[in-house]
Amino acid sequence: MADLDDINKRNVPGRFYVDCTCIDCDFCRETAPDFFTRDAEGRMSYVYRQPETQEGIALCTEALEGCPVEAIGDAGA
């Protein structure tokens with residue numbers, strides 16, 4: 001389960017976030033590329049844009065549910 005106390009500092013504020021347990025597998029970036037991107041220096045993903053539509057929320061939720069190390073969190077609406 002993602003930990004709010006261990007988030008990647010590059011995440012934009014909002015509902016979804018990626019913590020520092022990310023293994024840079026690319027799943028979230030492939031699933032929801034409009035919201036997740038790669039920090040090449042840190043070799044992990046982060047949320048660069050929060051979803052504003054139900055479709056975007058669904059894509060981010062799909063990325064969260066499919067993350068192999070549970071590094072994506074949902075802080076709620």
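Colleague: Is Arg10 buried, partly exposed or exposed in this model?
Modeller: The model is a predicted one. Arg10 has a relative accessibility of 45%. Exposed residues lie over 50% and buried ones under 20%, so at 45% Arg10 counts as partly exposed.

Colleague: With which residue does Asp39 form a salt bridge, and where in the chain does the partner lie?
Modeller: Asp39 belongs to strand 2 and counts as buried, at 10% relative accessibility. Its salt bridge joins distant parts of the chain, 29 residues apart, and the partner is in the segment before strand 1. The closest N and O atoms of the pair are 3.5 Å apart, and the partner is Arg10.

Colleague: How many salt bridges does the count come to?
Modeller: The pair Asp39 and Arg10 forms a salt bridge. Arg29 also forms one with Asp24, and another joins Arg29 and Asp26. By the rule applied, a side-chain nitrogen of Lys or Arg within 4 Å of a carboxyl oxygen of Asp or Glu, the count comes to five.

Colleague: Which residues are linked with Arg29 in a network of salt bridges?
Modeller: Arg29 counts as buried at 14% relative accessibility. The closest N and O atoms are 2.9 Å apart in its salt bridge with Asp24, which is buried at 19%. In the salt bridge with Asp26 the N to O distance is 2.8 Å, and Asp26 is partly exposed at 25%. The residues linked with Arg29 in the network are Asp24, Asp26 and Arg38.

Colleague: Which residue has its backbone oxygen 2.8 Å from a polar atom of the side chain of Thr31?
Modeller: Thr31 lies in helix 1 and is buried, with a relative accessible area of 14%. Leaving out residues up to four places away in sequence, Thr31 touches Leu59, Glu62 and Ala63. The backbone oxygen lying 2.8 Å from a polar atom of its side chain is that of Phe27.

Colleague: What distance does helix 2 reach from its first C-alpha to its last?
Modeller: Helix 2 runs over residues 54-66 and has 13 residues. At 1.5 Å a residue, the expected value is 18 Å. The model is close to that expectation, and helix 2 reaches 18 Å.

Colleague: Why do the buried residues of helix 2 lie on the same side, and what arc do they cover?
Modeller: Gly56, Ile57, Cys60 and Ala63 are buried in helix 2. They lie on the same side of helix 2 because the arc they cover around the axis is only 120°. On the other side, Gln54, Glu55 and Glu65 are exposed. The arc of the buried residues is thus 120°.

Colleague: Which strands are included in what covers the buried residues of helix 2?
Modeller: The cover includes helix 1 (27-31). It also includes strands, namely strand 1 (16-18), strand 2 (36-39) and strand 4 (72-74).

Colleague: Which element supplies the largest share of the largest nonpolar core?
Modeller: In soluble globular proteins, nonpolar side chains tend to be buried together. The largest nonpolar core here has 15 residues, and Val18, Phe36 and Ile72 have the most contacts inside it. Strand 1, strand 3 (44-47) and helix 2 each supply at least two residues of this core. The largest share, three residues, comes from helix 2.

Colleague: Which residues are in contact with Val18, leaving aside its neighbours within four places in sequence?
Modeller: Val18 is among the residues with the most contacts inside the largest nonpolar core. Contact here requires heavy atoms within 4.5 Å. With those neighbours left aside, Val18 is in contact with Ile7, Asn8, Asn11, Phe36, Ser45, Tyr46, Val47, Ala71 and Ile72.

Note on methods
Residues numbered from 1 in each chain as written. Predicted model: local features only at pLDDT ≥ 70, side-chain atom pairs only at ≥ 80, totals over all residues. Heavy atoms only, no water. Helix = DSSP H or I, 4+ residues; strand = E, 2+ residues; numbered from the N terminus. Expected span 1.5 Å × (residues − 1). Buried < 20%, exposed > 50% of the residue type's maximum accessible area, 1.4 Å probe, protein only. Arc of directions from axis to C-beta. Core = buried A, V, L, I, M, F, W, Y, C linked by side-chain atoms within 4.5 Å. Polar contact = N/O pair within 3.5 Å; in protein donor to acceptor, adjacent residues only side chain to side chain.
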